Amino acid sequence: MLNEAQRAEAVNDRPEAREIQYVEAGVEAIRDEMRRDATIIYLGQGIGPRGGNYKQSKGLWDEFGELRVRDTPISELGQVGLGVGAAMAGARPIVDLVFLDMIMEAMGQTVEQAATIHYTSNGKIKVPMVIRAAMGSVRSTGPHHSRCFYSWFAHIPGLKVVLPSSPEDVKGLMKTAIRDDGPVIFIEHKFLFNKKGHVPQGDYSIPFGKARTWLEGTDVTMVAMSLMVGKALEAALVLAKEGIAVEVIDPRTIVPMDQVAILNSVRKTGRLVIVDEAQALCGFSAEVAAVVCEQALEFLDSPIRRVCALHTPHPFNPVLEAAMLPSVEKIVDAVHKVIQN
C-alpha cells in the first residue's frame with residue numbers, strides 16, 4: 001500500500017490526473033451521474049441558481065434545469081419525505097440538507113421509512129436515495145451547526161454511512177452512493193470543502209467497505225475519519241521525528257466498515273489509537289475498539305486510546321471550542337501513552 005507521498009507521486013505520473021477542490025469533486029461526480037442517468041434528481045435548500053451554501057451544486061441548475069435540480073423550502077422533513085417517495089417511484093434522488101445537524105428534523109423519514117422500506121416490503125420496494133449533509137466545527141458556529149453524529153445512523157439497519165476525507169474519495173464514493181439501491185447517508189466535512197487534492201479524470205468509483213491506508217507504519221495503528229485523517233497525518237509526521245512509525249487508516253465508510261484492514265493493522269503494530277471528532281460515548285470510536293477487543297485482543301501490547309471531542313455541546317468561544325476538539329497535540333500525547341505503557 002502506498003503512503004501519502006508515494007500516492008501523490010503516482011497520481012502525478014498519470015496524465016489524466018489533476019488537482020481540484022473537495023467541493024468540486026462532489027459537483028463533478030453528481031454532474032457525471034446526472035448526465036449518465038436521467039432518473040437522478042437533486043433536491044435541497046439553495047442548491048438551484050445560487051449553487052449551494054458551499055458551492056456544492058455549482059453549475060448543476062444551469063445544465064439540468066429546475067425539473068431535476070430543485071430548490072426546496074426550509075423543511076428537512078419535507079425534503080427527505082419527498083426523496084423517499086421519489087425513490088420508491090423509480091427516481092434516484094439526492095437530498096441535500098446542507099447541515100447534518102438539521103437531519104434531526106427528518107429522523108422519522110430517515111430512520112423509520114427510508115431505512116426500512118426494502119425490508120418491510122420483502123424486497124419489492126427499493127429506496128435508492130442519497131442524503132447529503134455537511135458536518136463539523138468550523139469558525140465557532142456553535143452547538144446547532146457543528147455536530148458530528150454520524151454514529152447515530154451506523155446504528156440503524158438499512159442505512160449506509162459514508163465519510164470521505166479527500167477530493168478523490170468524494171468523487172469515487174459519491175458515484176457509488178448514487179448508484180446504490182439503498183439509502184446512503186453521505187457526510188462531508190465543512191472544513192474540507194476548499195481542500196485541494198489529486199482526482200483522476202474520467203469515470204471511477206470506490207467500493208463501500210474498503211478502507212484507505214494513508215500511511216504505513218509498524219509501531220501504532222491510528223484509525224481516523226473525515227477531517228481527523230489530516231490531523232492524524234500531522235501527528236504521524238511529528239511522531240516520525242521521534243522514531244515512531246504510525247499507520248494511518250481511514251475507514252471511508254463506517255457502514256459497511258472494513259474490519260479486516262483495521263484488524264490486520266493492529267495485529268501488525270500491537271497498538272491502537274482512534275481519532276474521532278464526535279463524542280466518545282456510544283460512538284464509532286467505541287465500535288472500532290470493541291471490534292479489536294473481540295477479534296484481536298491477544299495482539300494488543302497496551303490499552304486502546306481514543307481521542308474524541310469532549311462530552312459537551314460545541315461552544316461559540318473559539319478557545320473553548322479548540323479545547324473540546326481533538327488536536328494534533330492530543331493525538332501525539334495518546335500515542336506516547338500507548339507506546340510507553
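**Entry 1: the five-stranded sheet**

I began with the open sheet of five strands, whose order in this predicted model I noted as β9-β11-β10-β13-β14, with mixed pairing. Which strands stand at the edges? I found β9 (212-215) and β14 (305-309) there, and since each has a single partner strand, one side of each is left without a neighbour in the sheet. From one strand to the next I read an average twist of 25°.

I then looked inside the sheet at strand β10 (residues 220-224) and strand β13 (residues 272-279), which run parallel and are joined by four bridges. For V223 I looked up the bridge partner in β13, and that partner is I274.

Next I asked what lies on this sheet, and I noted that α11 lies across β10, β13 and β14, running at about 155° to β13. Helix α13 (residues 328-340) also packs on the sheet, where it touches β10, β13 and β14, and its direction makes about 165° with that of β14.

**Entry 2: the nonpolar cores**

Which residues touch the most other members of the largest nonpolar core? This core has 55 residues, and I wrote down I30, M222 and V273 as the ones with the most such contacts. Helix α9 (residues 227-240) gives this core its largest share, which is eight residues.

I followed V273 further, leaving aside its neighbours within four places in sequence, and listed its contacts as V220, T221, M222, V223, R305, V307, A334, V335 and V338. I also recorded a second, separate core of 50 residues, which includes L97, F149, F153 and V266.

**Entry 3: two helices packed together**

Before turning to α10 and α11, I reminded myself that two packed helices are described by the angle between their axes and by the distance between the axes. For helix α10 (residues 259-269) and helix α11 (residues 284-296) I noted an angle of about 60° and axes that are 10 Å apart. The crossing in which α10 passes α11 is right-handed.

Which residues meet where these two helices touch? On the α10 side I listed Q259, I262, L263, V266 and R267, and on the α11 side V288, V291, V292, Q295 and A296. I sorted the residues of this contact by kind and arrived at seven nonpolar, two polar and one charged.

**Entry 4: the seven-stranded sheet**

I moved on to the open sheet of seven strands, which I wrote down in the order β3-β2-β4-β5-β7-β6-β12, again noting that the pairing is mixed. Here β3 (69-71) and β12 stand at the edges with a single partner strand each, so one side of each has no neighbour in the sheet. With direction ignored, neighbouring strands of this sheet are turned by 20° against each other on average.

How many bridges pair β5 with strand β7 (residues 184-189)? I found six, and the two strands pair in the parallel sense. Looking at single residues, I saw that A133 stands opposite I187 in β7. Helix α2 (residues 22-36) packs on this sheet and touches β2, β3, β4 (92-99), β5 and β7, while its direction makes about 135° with that of β2.

**Entry 5: unusual backbone values**

I kept in mind that most residues other than glycine have a negative phi, and that most peptide bonds are trans. Against this, I noted a cis peptide bond between V255 and P256, with omega at about 0°. P256 lies in the loop between β12 (253-255) and α10.

K55 is not a glycine, yet I read a positive phi of about 65° for it. This residue, K55, lies in the loop between β2 (40-44) and α3 (60-64), and K55 is partly exposed, with a relative accessible area of 44%. N122 also has a positive phi, near 60°, although this residue is other than glycine. I placed N122 in the loop between α6 (117-120) and β5 (130-135).

Is N122 buried or exposed? Its relative accessible area is 67%, and I counted N122 as exposed because exposed means over 50%.

**Entry 6: one aspartate in a helix**

Last, I looked up D169, which lies in helix α8 (residues 167-179). I recorded D169 as buried, with a relative accessible area of 0%. Leaving aside its neighbours within four places in sequence, I found D169 in contact with P164, M174, I206, R212, W214, D250 and R252.

Notes
Residues numbered from 1 in each chain as written. Predicted model: local features only at pLDDT ≥ 70, side-chain atom pairs only at ≥ 80, totals over all residues. Heavy atoms only, no water. Axes fitted to C-alpha atoms, helices over the stretch in contact; angles between N-to-C directions. Left-handed = near helix turned anticlockwise from the far one by under 90°. Contact = heavy atoms within 4.5 Å. Nonpolar A, V, L, I, M, F, W, Y, C, P; charged D, E, K, R; others polar. Core = buried A, V, L, I, M, F, W, Y, C linked by side-chain atoms within 4.5 Å. Buried < 20%, exposed > 50% of the residue type's maximum accessible area, 1.4 Å probe, protein only. Pairing = 2+ DSSP bridges.
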